[in-house]
Amino acid sequence: MISPLLSLGSVCVVPRNVHPLGKSQAMLREPFTIADLGPAGDAAIDQAAAQLLEAFPGWMETLAAARNEVRELLAPDHLCLAAFDGEQVLGWVGAIPQYDFAWELHPLVVRADARGRGIGRALVAALEARVAALGALTLYLGTDDDGDTPGTSVGGVDLFPDPLAHAARLEVIDHPAAFYRRLGYVVVGLIPDANGPGKPDVLMAKRVGPAVVRPDAAPGTAGIPDAVLRP
Ligand SMILES: CC(C)(COP(=O)(O)OP(=O)(O)OC[C@H]1O[C@@H](n2cnc3c(N)ncnc32)[C@H](O)[C@@H]1OP(=O)(O)O)[C@@H](O)C(=O)NCCC(=O)NCCS
């Protein structure tokens with residue numbers, strides 16, 4: 001497990017493979033720190049923008065466009081957290097308050113040479129804690145299955161007439177949905193053909209606040225009135 005050490009709004013994370021004894025030097029990694037990206041300034045914003053361009057080549061074409069994308073997430077009502085090794089940005093995550101009680105995670109990227117060190121997991125965990133502290137109950141995201149070959153069982157197929165049946169039995173071939181599943185996110189829906197024929201967006205979500213159930217809810221109905229269940 002990763003050990004987060006909270007201090008003044010930032011999270012110091014020691015990767016689990018750091019061990020003072022018994023590990024080869026090659027296995028040792030520097031700790032990284034998670035903090036808001038904005039105060040780190042223009043150089044950090046440029047690094048974050050470059051990572052966006054590299055990870056999502058079809059999304060935007062120029063560093064200037066990527067920089068604008070990062071800057072939008074620095075607005076006071078948004079969140080933008082980064083993992084730092086000194087002045088190096090190892091990865092970052094943004095979030096937008098789309099509903100009163102649900103934030104959208106968007107985007108998430110870890111620098112290519114820093115992947116597999118627990119940075120993505122730590123960024124998402126830090127974001128969950130931040131949005132929960134702001135009153136969110138749910139953190140959700142869309143992760144497109146829009147590659148040349150399908151990354152999941154819902155890519156490359158006609159999802160109608162029953163997209164939810166496809167969502168319920170979604171299997172990952174090679175797709176970030178597997179990463180989010182490991183972090184506790186579940187598939188809550190699909191946007192069929194969001195990125196072209198057979199290229200859906202996979203919607204995933206996780207509860208980050210307390211479960212809220214109406215006090216008069218009957219077991220299994222989750223508070224839906226009888227009149228709705230049996231009109
Ligand atoms: C997806 C991404 C953010 C993961 O970051 P990361 O720092 O490499 O992930 P972590 O090291 O924290 O991995 C956390 C867990 O997820 C698993 N995991 C990571 N990427 C995975 C993938 N693509 N498929 C399956 N599992 C994955 C790891 O094995 C690890 O599992 P464990 O802790 O149970 O052993 C990173 O690969 C990335 O930036 N990719 C390009 C951009 C992208 O796809 N962003 C998400 C789009 S919605």
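Analyst: Let's start with a definition: a residue is buried if 20 or more other C-beta atoms (placed from the backbone) lie within 10 Å of its own, exposed if 12 or fewer, and partly exposed in between. The model we're looking at is a predicted one, so local features need pLDDT of at least 70 and side-chain atom pairs pLDDT 80 or more, while totals for chains, interfaces and linings use all residues. Residue numbers start from 1 along each chain, as its sequence is written.

User: Okay, why is Val-157 called partly exposed?

Analyst: Count its neighbours: 13 other C-beta atoms sit within 10 Å of Val-157, so it lands in the in-between class. You'll find Val-157 in the loop between β7 (138-144) and α4 (163-168). Helices here are DSSP runs of H or I with at least four residues, strands are runs of E with at least two, and both are numbered from the N terminus. Pro-200 is 43 residues away from Val-157 along the chain, with 9.2 Å between their C-alpha atoms.

User: And what makes Asp-193 buried, exposed or something in between?

Analyst: Asp-193 has 14 C-beta neighbours inside 10 Å, so it counts as partly exposed too. Asp-193 belongs to the loop between β8 (186-191) and β9 (201-207). Its phi is positive, about 55 degrees, although Asp-193 is not a glycine.

User: How do you know that α1 is roughly perpendicular to α2?

Analyst: Helix α1 (residues 42-55) and helix α2 (residues 63-72) pack at about 115 degrees, with 8 Å between their axes. That angle makes the pair roughly perpendicular (65 to 115 degrees; under 35 is roughly parallel, over 145 roughly antiparallel, the rest oblique). The angles run from 0 to 180 degrees between N-to-C directions, and the axes are lines fitted to C-alpha atoms, for helices over the stretch in contact.

User: Which residues of α1 and α2 meet?

Analyst: On the α1 side, they include Ile-45, Ala-49 and Leu-53. Their partners in α2 include Leu-63, Ala-66 and Val-70. Contact here means C-beta atoms, placed from the backbone, within 7 Å.

User: Which residues of α1 are buried, and what covers them?

Analyst: Ala-44, Ile-45, Gln-47, Ala-48, Ala-49, Gln-51 and Leu-52 are the buried ones in α1. Their cover includes α2, β4 (79-85), β5 (88-97) and β6.

User: How do you know that the length of α1 agrees with its residue count?

Analyst: The expected span is 1.5 Å times one less than the number of residues. For the 14 residues of α1 that gives 20 Å, and its end C-alpha atoms are 20 Å apart, so the two agree. Helix α3 (residues 119-133) passes as well: its 15 residues should span 21 Å, and its ends are 21 Å apart. Among the buried residues of α3 are Ile-119, Leu-123, Leu-127 and Val-131. After α3 comes Gly-135, with a positive phi near 100 degrees.

User: Where are the cis peptide bonds at Pro-107 and Pro-161?

Analyst: The bond from His-106 to Pro-107 is cis, with omega near -10 degrees, and Pro-107 lies in strand β6 (residues 102-110). Phe-160 and Pro-161 are joined by a cis bond with omega about 10 degrees; Pro-161 is in the loop between β7 and α4.

User: What does the chain come to overall?

Analyst: Six helices and nine strands. Out of 231 residues, 30% count as buried. Of the contacts with a separation of 6 or more, 52% involve residues 24 or more positions apart.

Key: Two residues are in contact if their C-beta atoms, placed from the backbone, lie within 7 Å.
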